Amino acid sequence: MKHQSRYLLLFFMALFLSSCGGKRYYKSPLDVLIRDLDSEPVYTIILYDMDTEGMFSTTYKHQYKVIKEVNGEPKEEITPWQEVSQRFFYQYEDAMGMEIASKKEGKVSKSIVPAGYSNYVGNKQYGHWVDRGGTSFWEFYGRFAFMNSMFNMMTYPVRYSYYNDYYSNYRTRGRDYYGPVGSNGRTYYGTYGSQGARSGSSWSKNSSFQSRVSSRTSRSSSTRSSSSSSRSSRSSSSSFRSRGGGFGK
């Protein structure tokens with residue numbers, strides 16, 4: 001009996017281990033990118049674009065902007081399209097144009113924050129805060145003025161109040177930060193935010209995801225408008241015939 005019990009135990013252990021071995025661990029392209037950047041002391045990874053393909057079997061894709069230090073100067077590189085899982089795609093759906101990973105002082109963070117916030121905004125090596133009409137904005141030094149375009153700050157300058165909110169209440173706790181919420185209920189940053197892809201900013205100009213969403217929205221609006229007009233026409237026609245029939249009587 002003891003031998004039988006032992007064999008049964010070994011059998012079920014082997015079955016359990018084989019079933020666990022059958023599950024493949026999913027390593028996202030973001031994780032692979034972080035691994036490949038391990039030797040870099042400082043970097044920023046921005047979700048540059050995203051897209052989907054296919055109607056019956058959907059493929060989900062990401063494209064990243066990677067910023068590294070080359071001879072003391074930030075340089076950007078846009079990665080090729082990377083296929084991601086559906087779950088991973090929707091996990092970051094609201095974060096286009098934002099940092100989704102960064103490294104600073106040897107520590108890697110995967111918090112979602114506005115582009116440039118982790119390593120460059122507030123860093124006196126690259127710029128300073130300037131008062132404009134009673135409001136402080138971040139301004140890069142002339143040598144690093146190109147970084148305004150890199151982080152889309154020419155169209156949407158960074159206010160000190162926003163950065164201070166992030167630095168004081170989100171950064172140390174590793175929390176995602178999408179900026180303040182406006183009267184329209186939308187956050188300032190992100191895919192659907194007032195600064196994000198739907199606002200007509202430079203992110204939207206490079207975004208196939210935004211084009212797809214806009215096209216889908218346009219088609220949907222057109223269909224609704226057409227259906228509404230058709231219903232209105234049928235309603236008017238029916239009413240006319242009804243009145244006409246009454247007149248004939």
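In helix α2, residues P29, L30, D31, L33 and I34 are buried. The cover over these buried residues includes strands β1, β2 and β4, helix α3, and strands β5 and β6. The model under discussion is a predicted one, and α2 serves here as the point of entry to it.

The protein as a whole contains 7 helices and 9 strands. Of its 249 residues, 35% count as buried. Among the contacts between residues at least 6 apart in sequence, 50% join residues at least 24 apart. The exposed surface amounts to about 15,400 Å², and carbon and sulfur atoms supply 51% of that area.

Among the elements that cover α2 is β1, and this strand deserves attention in its own right. Because 10 of the 11 residues of β1 are buried, the strand is largely enclosed by the rest of the structure. Part of its surroundings can be followed through strand pairing. Strand β1, residues 43-53, pairs with β2, residues 59-70, in the antiparallel sense over 10 bridges. Two positions illustrate the register of this pair: Y43 stands opposite K68 in β2, and T44 stands opposite I67 in β2. Strand β1 is also joined to β5 by 4 bridges, and these two strands likewise run antiparallel. Here Y43 stands opposite K103 in β5. Y43 thus faces K68 of β2 as well as K103 of β5. As a general principle, side chains in a regular strand alternate between the two faces of the sheet.

The connection between β1 and β2 is a hairpin with 5 residues between the strands, and within this hairpin G54 takes a positive phi near 95°. Beyond β2 the chain enters a second hairpin, that of β2 and β3, with 2 residues between the strands; in this case N71 takes a positive phi near 55°. The pairing of β2 with β3, residues 73-78, is antiparallel over 6 bridges, and K65 has I78 in β3 as its bridge partner. Strand β2 also pairs with β4, residues 82-84, in the antiparallel sense over 3 bridges. In that pair the bridge partner of H62 is Q82 in β4. Strand β2 therefore has pairings with β1, β3 and β4, given that two strands pair if there are at least two bridges between them.

From the strands the description moves to the interior. In soluble globular proteins, nonpolar side chains tend to be buried together. The largest nonpolar core of this model has 45 residues, of which L30, I45, Y64, I100, Y117, F140 and F151 touch the most other members. Elements giving two or more residues to this core are the helices α2, α3, α4 and α5 together with the strands β1, β2, β5 and β9. The largest share, 5 residues, comes from β1. L30, named among the core residues that touch the most other members, is also one of the buried residues of α2.

F151 offers a closer view of packing in the core. Leaving aside residues up to four places away in sequence, F151 touches I46, I67, A115, G116, Y120 and F140. One of these contacts, F140, is itself listed with F151 among the core residues that touch the most other members. Another contact of F151 is I67, the residue of β2 that stands opposite T44.

Two residues other than glycine call for comment on their backbone. N152 has a positive phi of about 60° although it is not a glycine; its place is in the loop between α4 and α5. With a relative accessible area of 4%, N152 is buried, because buried means under 20%. E105 also has a positive phi, near 55°, and is found in the loop between β5 and β6. E105, by contrast, has a relative accessible area of 71% and is exposed, because exposed means over 50%.

The strands on either side of the E105 loop, β5 and β6, lead to the final feature. The largest pocket encloses about 350 Å³ of space. Among the 16 residues that line this pocket, K104, K107, S109, Y166 and R171 are the closest to its centre. Strands β5 and β6 are the elements that give two or more residues to the lining, and the largest share, 4 residues, comes from β5. Strand β5 thus appears in the cover of α2, in the pairing with β1, among the contributors to the core, and in the lining of the pocket.

Terms used:
Residues numbered from 1 in each chain as written. Predicted model: local features only at pLDDT ≥ 70, side-chain atom pairs only at ≥ 80, totals over all residues. Heavy atoms only, no water. Core = buried A, V, L, I, M, F, W, Y, C linked by side-chain atoms within 4.5 Å. Buried < 20%, exposed > 50% of the residue type's maximum accessible area, 1.4 Å probe, protein only. Contact = heavy atoms within 4.5 Å. Areas by Shrake-Rupley, 256 points an atom, 1.4 Å probe, with all protein chains shown as cover. 1 Å grid on protein atoms, 1.4 Å probe; cavity = no way out; pocket = protein on both sides within 12 Å on 5 of 7 lines; lining within 4 Å. Points joined across faces, edges and corners; volume = space filled by probe spheres on them.
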